[in-house]
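Colleague: Got a minute to go through this model with me? I'd like to know what stands behind the words you use.

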Amino acid sequence: MTSKGHRRLNHGSLTAWNLIFQYAQAVFLIAFGLLLTPLYLRWIPEKTFGVWLATGNLVAWLSLVDPGLNAVVQQRIAAAYARGDNQAVGRLRTHSYVLSLLLAMAIGMLGLVAAPWGSRFIGSLEGELPTDVMTAYYWARVATATMTAAY
């Protein structure tokens, strides 16, 4: 314990745990991709699968609205915590919540504005289930905005 009542953290162990969780995330993403892809190919018609992948790319473009706020906030909060500045930690946390929500709303609005164009695009690709693909686009847009807000 320090004089301010904070426990000193071992930066080496924190770094190791961060690496473990980062690699675990990558392993889980790969595993889910390997497990789900055969299911996609089995149950989604071929043309619809292609259209679905194309709309996934459209949603990926929406995620570019996030300029990397999460990484910057983590660095700033870590620096404030290391200084023992709890007021700055609280202020930065509040600002990050507000900015994350604003970015999530921007992604949601851009996706909503792009929906009519996306619907025409999906229709032009002649997939078997255009309504289902448009529904998937809608939920992917919601998930992308929610993920941004969660950061």
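Colleague: Sure, so which residues are buried in helix 3?

Modeller: Leu69, Val73 and Ala80 are buried in helix 3. Buried means under 20% relative accessible area, exposed over 50%, and partly exposed in between (1.4 Å probe, protein chains only). Helices here are DSSP runs (H or I, at least four residues), numbered from the N terminus. Mind you, this is a predicted model, where local features need pLDDT of at least 70 and side-chain atom pairs count only at pLDDT 80 or more, while totals for chains, interfaces and linings use all residues. Residues are numbered from 1 along each chain as its sequence is written, and side-chain values use heavy atoms, leaving out hydrogens and water.

Colleague: What puts Leu69, Val73 and Ala80 on the same side of helix 3?

Modeller: They cover an arc of only 35° around the axis, taking the directions from the helix axis to the C-beta atoms. So they sit on the same side of helix 3. The face turned away from that buried side carries the exposed Gln75 and Ala82.

Colleague: How do you know that the length of helix 3 agrees with what it should span?

Modeller: The expected span is 1.5 Å times one less than the number of residues. For the 15 residues of helix 3 (69–83) that gives 21 Å, and the end C-alpha atoms are 21 Å apart, so the two agree.

Colleague: Which element has the lowest mean pLDDT?

Modeller: Helix 2 (residues 46–62), at 74, whereas helix 1 has the highest, 85. pLDDT is the predictor's confidence in each residue, from 0 to 100.

Note on methods. Helices (H or I, at least four residues) and strands (E, at least two) are DSSP runs, numbered from the N terminus.
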